[in-house]
2 protein chains.
Amino acid sequence: MYSIGDLSKKTGVKIPTIRYYEQMGLIAAPDRTEGNQRRYERRELERLSFIRHARDLGLSIEAIRDLVELSQHPEKPCTGADAIATTHLASVRAKIAQLKKLEHELERIVSHCAGHTVGDCYVIRALSDHGLCEGSMDEV
Amino acid sequence: MYSIGDLSKKTGVKIPTIRYYEQMGLIAAPDRTEGNQRRYERRELERLSFIRHARDLGLSIEAIRDLVELSQHPEKPCTGADAIATTHLASVRAKIAQLKKLEHELERIVSHCAGHTVGDCYVIRALSDHGLCEGSMDEV
DNA sequence: CTAATCTCTCTAGCAGCTATAGGTTCAAGA
DNA sequence: TCTTGAACCTATAGCTGCTAGAGAGATTAG
Ligand SMILES: [Zn+2]
Ligand SMILES: [Zn+2]
Ligand SMILES: [Zn+2]
Ligand SMILES: [Zn+2]
């Protein structure tokens, strides 16, 4: 039997976050002591580790809820689980691509400032005028 | 004189967002008509474009507030502006690095699933056991 | 003048927590 | 057994950067 604090120490998930996950339906409401405090078993420790790992990989609460649901049915085909991971991978890649555009643009802007005063600072000018951007990229 | 809708169309910033920026102190409260509607001038159009561009580059509201402040003082040295951009570039790079770790790990996990059922799905197993992660990377 | 379209303020909601306040319970030492 | 201090409880508000809605008032073209 673990208290919520034990669980927190063992998984690295903060106490309020554990309660939040319970509220969000990622972990079931556990048994309580007579005094109304949560008491967990090993099962819940494992599930919380699962959740933490999934969060560290950037999966959303909703995706994790689905994965947890799936993991309760070992006989089902795993296409659903695979699809969740694959979709997430795609979104990670999309975000990387977008951030690289930003990186590129910021690099250019930062390196072009030869000014000494705000009046002729390239950073300020570049922000004021998107036309100065490389090929006037869409957005950015 | 532009209405808030005009400003919105010209800059691509949605109307509630413009009001939000006003509330956040990025743009000054403009003059009003007798009927209490906002009326803007070219100055504000330019500032809003500046803000939009900065947001597109991922700068925070707070950073933008500082940049706007700085841009009001053309005679000051531009080290502050440059520092904001440089710091932001660093944080973009850090985020890219982190996302690449995720990408790498997700790639590995997704490609390893040869299972057909949830019971032997590598995705589920990998999430359950961080030890399966490459060299047990910290986090992720 | 009327109808259609803006615009106004205020409030609440999104994700994923985190922090506080004000109270109760548990566990260990004397 | 009693006491104290740590841990726990609920409920609520806050964070970022918007976005959506309600319900009321303003503007403008015909
Ligand atoms: Zn500069
Ligand atoms: Zn640009
Ligand atoms: Zn699988
Ligand atoms: Zn891992």
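Let me begin at the boundary between the two chains, where the search finds four salt bridges across the interface of chain B and chain A. Please keep in mind throughout that what we are looking at is a predicted model. In chain B, the helices α3 (42–56), α4 (61–71), α5 (79–112) and α6 (122–128) each supply at least two residues of the side that touches chain A. Among these, α5(B) gives the most to that side of chain B, with 19 residues.

Before going into single pairs, I would like to describe the contact as a whole. It takes 54 residues from chain A and 54 residues from chain B. The size of an interface is often given as the accessible area lost when the parts come together. For chain B and chain A, the buried area comes to about 4,300 Å², and carbon and sulfur atoms give 74% of that. On the chain B side, the residues that lose the most area to chain A are B:H53, B:L57 and B:L127, which together account for 16% of what that side buries.

There is also a polar part to this contact, since between chain B and chain A the count is 20 residue pairs in polar contact, with both residues at pLDDT 80 or more. As for the character of the residues on the side of chain B that touches chain A, they divide into 28 nonpolar, 13 polar and 13 charged.

Now let me turn to the charged pairs themselves. Side chains of opposite charge can pair when their charged atoms come close. Which residue of chain A does B:R93 reach with its closest N and O atoms 3.1 Å apart? That partner is A:E103, with which B:R93 forms a salt bridge, and the pair crosses between chains, from helix α5 of chain B to helix α5 of chain A. B:R93 also forms a salt bridge with A:E107, and here the closest N and O atoms are 2.4 Å apart. This pair, too, runs from B:R93 in helix α5 of chain B to A:E107 in helix α5 of chain A.

If we ask how these three residues sit with respect to the surface, B:R93 counts as partly exposed at 37% relative accessibility. Of its two partners, A:E103 is buried, with a relative accessible area of 18%, whereas A:E107 is partly exposed, with a relative accessible area of 33%.

Looking from the other direction, A:R93 forms a salt bridge with B:E107, with the closest N and O atoms 2.4 Å apart. A:R93, B:E103 and B:E107 are linked in a network of salt bridges.

Taking the whole structure and all chains, the search finds ten salt bridges. One example within a chain is the pair of A:R108 and A:E105, whose closest N and O atoms are 2.6 Å apart. Both residues lie in helix α5 of chain A, three residues apart, which is about one turn of the helix. A:R108 counts as buried at 13% relative accessibility, and A:E105 counts as buried at 0%.

The next topic is the zinc ions, and I will take two of them in turn. Which protein atoms act as donors to the zinc ion that is ligand 3? They are A:C78 (SG), two entries for A:D82 (OD), B:C113 (SG) and B:C121 (SG), and they lie 2.2 to 2.8 Å from the ion. A:C78 is in the loop between α4 (61–71) and α5 (79–111) of chain A, while B:C121 is in the loop between α5 and α6 of chain B, so the pair joins two chains. Both of these cysteines are buried, A:C78 with a relative accessible area of 2% and B:C121 with one of 0%.

For the zinc ion that is ligand 1, the protein donors are A:C113 (SG), A:C121 (SG), B:C78 (SG) and two entries for B:D82 (OD), at 2.2 to 2.8 Å from the ion. Of the chain A cysteines here, A:C113 is buried with a relative accessible area of 17%, and A:C121 counts as buried at 0%.

I will end with a single residue, A:E22, which lies in helix α2 (residues 15–23) of chain A. Is A:E22 buried or exposed? At 15% relative accessibility A:E22 counts as buried, because the cut-off for that class is under 20%. Leaving out residues up to four places away in sequence, A:E22 touches A:I27, A:A28, A:A29, A:P30, A:R32, A:R38 and A:Y40.

Key. Residues numbered from 1 in each chain as written. Chains lettered and ligands numbered in written order. Predicted model: local features only at pLDDT ≥ 70, side-chain atom pairs only at ≥ 80, totals over all residues. Heavy atoms only, no water. Contact = heavy atoms within 4.5 Å. Buried area = accessible area lost by both parts, 1.4 Å probe. Salt bridge = Lys/Arg side-chain N within 4 Å of Asp/Glu carboxyl O. Polar contact = N/O pair within 3.5 Å; in protein donor to acceptor, adjacent residues only side chain to side chain. Helix = DSSP H or I, 4+ residues; strand = E, 2+ residues; numbered from the N terminus. Nonpolar A, V, L, I, M, F, W, Y, C, P; charged D, E, K, R; others polar. Donors = N, O, S within 2.8 Å, 3.2 Å for Na, K, Ca; no water. Buried < 20%, exposed > 50% of the residue type's maximum accessible area, 1.4 Å probe, protein only.
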